[in-house]
Amino acid sequence: MRLTHLPLTTLKEVPADAEIISHQLMLRAGLVRRLSSGLFTWMPLGLRVLRKVERIVREEMDRAGALEILMPAVQPAELWQETGRWDVYGDLLLRIRDRHDRDYCFAPTAEEVVTEVARRELRSYRQLPVNYYQINTKFRDEIRPRFGVMRAREFVMKDAYSFHLDQASLEATYDAMAEAYSRIFTRLGLRFRKVDAHGGEIGGSRSQEFHVLAESGEDRIAWCEGDSFAANVEMAPAAPPAIPRPAGTQALTRVPTPGVRSIDDVTAFLKVGASQCLKTLVVEGSDGGLVALLLRGDHELNPLKAERAPGVARPLKLASPERVLAATGAPVGAIGPVNLPLPMVADHSALVLADFVCGANAADAHLTGVNWERDLPLPRAADLRNVETGDPSPGGGGALTIARGIEVGHIFQLGDKYSQSMHAVVLDQDGKERVMTMGCYGIGVSRIVGAAIEQNHDGNGILWPEPMSPFDVILIEINPKKSDPVTAAAGALYKDLQAAGFDVLFDDRDARPGVKFADADLVGIPHRLVVGERGVREGKAEYRHRTSGNEEQVGLTDVLDFLRARRELPRQG
């Protein structure tokens with residue numbers, strides 16, 4: 001494609017409303033344009049990237065035996081009412097009404113529709129297993145769309161759904177999808193991790209997420225190279241400390257702490273480390289009362305683990321300051337476990353503290369030198385906290401590493417959550433009705449584009465992994481109107497590259513070389529060829545890879561073989 005035929009508008013300045021680098025660079029490079037909050041038009045260069053991602057996803061899904069279909073993006077309310085999700089899905093569901101006053105929604109997901117397809121099309125166990133997939137537009141009415149295509153309201157998603165007679169069949173397809181996803185992200189040239197995860201709103205008995213590793217990622221993932229353990233931080237168990245609790249050496253002392261509430265306040269005022277403090281979080285209980293959760297001061301409460309603690313209500317909800325004051329006689333920020341009139345659950349790490357600091361259950365006071373079994377009885381123990389870097393791996397292979405990740409894929413074993421409520425059945429070998437069991441497998445196709453940029457960029461622009469780049473090569477002609485030999489040589493090279501199967505962006509604009517080089521770096525095409533007057537006299541073109549600052553001189557007749565030898569291999573996950 002000639003750039004004189006492509007109205008590419010690049011931006012020098014960073015758009016004011018673009019918070020993260022992928023959003024900034026996608027706008028600056030002209031990949032997308034904002035239409036409204038969370039809605040984007042994919043421009044020619046951006047659409048080429050999106051289609052390349054779709055192609056690899058489609059090839060691997062087909063290779064894994066999945067069958068492509070295309071379901072409506074607008075779905076009738078009746079299906080969602082069958083599963084009970086019409087009333088419970090929440091404000092993310094965009095509800096619409098047609099001229100006949102019938103209720104519909106714009107699909108945020110497609111479990112109901114695909115289950116409707118299955119219950120109509122599948123009659124016998126002989127038709128199972130089957131795995132349907134689509135690549136389609138979804139809409140979730142995010143309260144605060146942000147980060148460009150990373151958290152847009154409208155997005156492109158690959159969603160697949162498998163149907164089985166039994167759990168063993170489901171597990172076989174689930175494993176096949178996990179392998180297909182690993183091949184997809186490997187082929188895309190992304191550094192990624194597969195981690196154990198929580199099922200969230202979709203549900204199911206087992207799920208795993210695929211994360212592109214990037215410092216800007218919203219999710220934290222934990223893994224250990226020594227034993228291949230990998231999980232979302234919210235799912236990673238924290239083992240009880242192997243070192244026993246030391247003996248206390250200090251006397252219990254009540255210390256005035258005027259205006260001191262938070263752990264940071266306590267550590268600054270009393271000159272102690274956060275790991276020597278104990279914090280008390282009061283949450284709603286399952287019986288209508290309150291429950292106190294105790295953690296070491298430097299640890300972070302894990303909400304999913306807390307919901308599994310004895311007596312804690314689901315979903316987890318912090319008690320209001322009014323409820324805490326009425327139940328304890330003390331304000332939030334002053335609560336501690338000594339003589340606390342509430343049921344308590346303590347994290348394992350909190351129970352090995354000695355001579356610790358905690359609230360005194362009175363405003364403007366704390367206790368120091370507190371020791372278990374001397375000053376208060378041991379409460380029930382549980383794993384309540386998020387793991388941290390250096391914690392032992394649950395698999396015993398060494399220490400955990402914590403990194404940031406961007407979720408781009410998620411696979412689930414759904415069981416019969418949807419097929420049971422929608423009566424999706426087949427006849428088994430004995431002619432009896434059996435409710436099918438289901439799997440669900442999603443990939444954020446448009447999100448991958450943003451995630452790839454978050455992982456691959458520098459100060460000048462995008463560094464596309466080669467399989468995702470909008471073009472293989474950018475060919476730059478220097479001063480096209482000033483030299484007929486240059487124009488002829490560049491035009492001939494353009495045709496030769498195309499004939500050899502290279503996807504080429506030919507910058508034949510009448511623009512300054514600096515402008516062309518800056519745009520080439522911004523757009524991020526891996527291979528750059530420059531044809532100028534001096535080079536043509538010497539029979540050479542200048543080559544530079546986008547990730548390198550080094551230029552090489554290549555004979556014009558050798559360019560094709562030179563480029564073929566420099567095509568990248570996909571990076572491993």
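Visitor: Which residue stands opposite Tyr104 in strand 6?
Guide: In this predicted model, Pro76 is the residue opposite Tyr104 of strand 6.

Visitor: How many bridges join strand 4 to strand 6, and do they run parallel or antiparallel?
Guide: Three bridges join them, and strand 4 and strand 6 run antiparallel.

Visitor: What is the strand order in that sheet?
Guide: The order is 4-6-5, in an open sheet of three strands with antiparallel pairing. Strand 4 (74–76) and strand 5 are the edge strands, and each pairs on one side only. On average, neighbouring strands here are turned by 40° against each other, direction ignored.

Visitor: And how many bridges between strand 5 and strand 6?
Guide: Four bridges, with strand 5 (residues 94–97) and strand 6 (residues 103–106) running antiparallel. Arg97 stands opposite Asp103 in strand 6.

Visitor: Which residue in the hairpin of strand 5 and strand 6 takes a positive phi?
Guide: Asp101 does, with phi near 65°. That hairpin has five residues between its strands.

Visitor: Different sheet now. What is the order in the one with strands 13, 17 and 18?
Guide: The order is 13-18-17, again an open sheet of three strands with antiparallel pairing. Strand 13 (253–256) and strand 17 (356–359) each have a single partner strand, so one side of each has no neighbour in the sheet. The twist from one strand to the next averages 30°.

Visitor: What pairs with what between strand 13 and strand 18?
Guide: The two pair in the antiparallel sense over four bridges, strand 18 being residues 365–370. Pro256 stands opposite Ala365 of strand 18.

Visitor: Where else does Ala365 turn up? I'm thinking of the cores.
Guide: Start with the largest nonpolar core, which has 67 residues. Tyr181, Phe185, Leu188, Ile448, Trp464 and Met468 have the most contacts inside that core. Helix 6 (residues 167–187) supplies the largest share of the core, eight residues. Apart from this core lies another, of 25 residues, and Ala365 is among them, as are Ala319, Val324 and Leu353.

Visitor: Back to Leu188. What does it touch, beyond residues up to four places away?
Guide: Leu188 touches Val53, Ile56, Ile448, Pro465, Pro467 and Met468.

Visitor: Helices next. At what angle do helix 1 and helix 11 cross?
Guide: Roughly 105°, and their axes come within 8 Å. Helix 1 covers residues 21–28 and helix 11 residues 445–455. The two helices are therefore roughly perpendicular to each other.

Visitor: Which residues make the contact?
Guide: From helix 1, Ile21, Ser22, Leu25 and Met26; from helix 11, Val449, Gly450, Ile453 and Glu454. Five of the residues in this contact are nonpolar, two polar and one charged.

Visitor: Last one: Leu400. Where is it found?
Guide: Leu400 is in the loop between strand 19 (380–382) and strand 20 (401–415).

Visitor: Is Leu400 buried or exposed?
Guide: Leu400 counts as buried, because its relative accessibility is 1% and the cut-off for buried is under 20%.

Visitor: What is Leu400 in contact with, leaving aside neighbours within four places?
Guide: Its contacts include Ala222, Trp223, Cys224 and Phe229. Also among them is the run Val387, Glu388, Thr389, Gly390, Asp391, Pro392, Ser393 and Pro394.

Visitor: How far is Leu400 from Ala326?
Guide: Their C-alpha atoms are separated by 41 Å, and the two residues are 74 residues apart along the chain.

Terms used
Residues are numbered from 1 along each chain as its sequence is written. This is a predicted model: local features need pLDDT of at least 70, side-chain atom pairs count only at pLDDT 80 or more; totals for chains, interfaces and linings use all residues. Side-chain values use heavy atoms; hydrogens and water are left out. A nonpolar core is a set of buried Ala, Val, Leu, Ile, Met, Phe, Trp, Tyr and Cys residues joined through side-chain atoms within 4.5 Å. Buried means under 20% relative accessible area, exposed over 50%, partly exposed in between (1.4 Å probe, protein chains only). Contact means heavy atoms within 4.5 Å. Axes are lines fitted to C-alpha atoms, for helices over the stretch in contact, and angles run from 0 to 180 degrees between N-to-C directions. Angles under 35 degrees count as roughly parallel, over 145 as roughly antiparallel, 65 to 115 as roughly perpendicular and the rest as oblique. Ala, Val, Leu, Ile, Met, Phe, Trp, Tyr, Cys and Pro count as nonpolar, Asp, Glu, Lys and Arg as charged, and the others, Gly among them, as polar. Two strands pair if DSSP finds at least two bridges between them.
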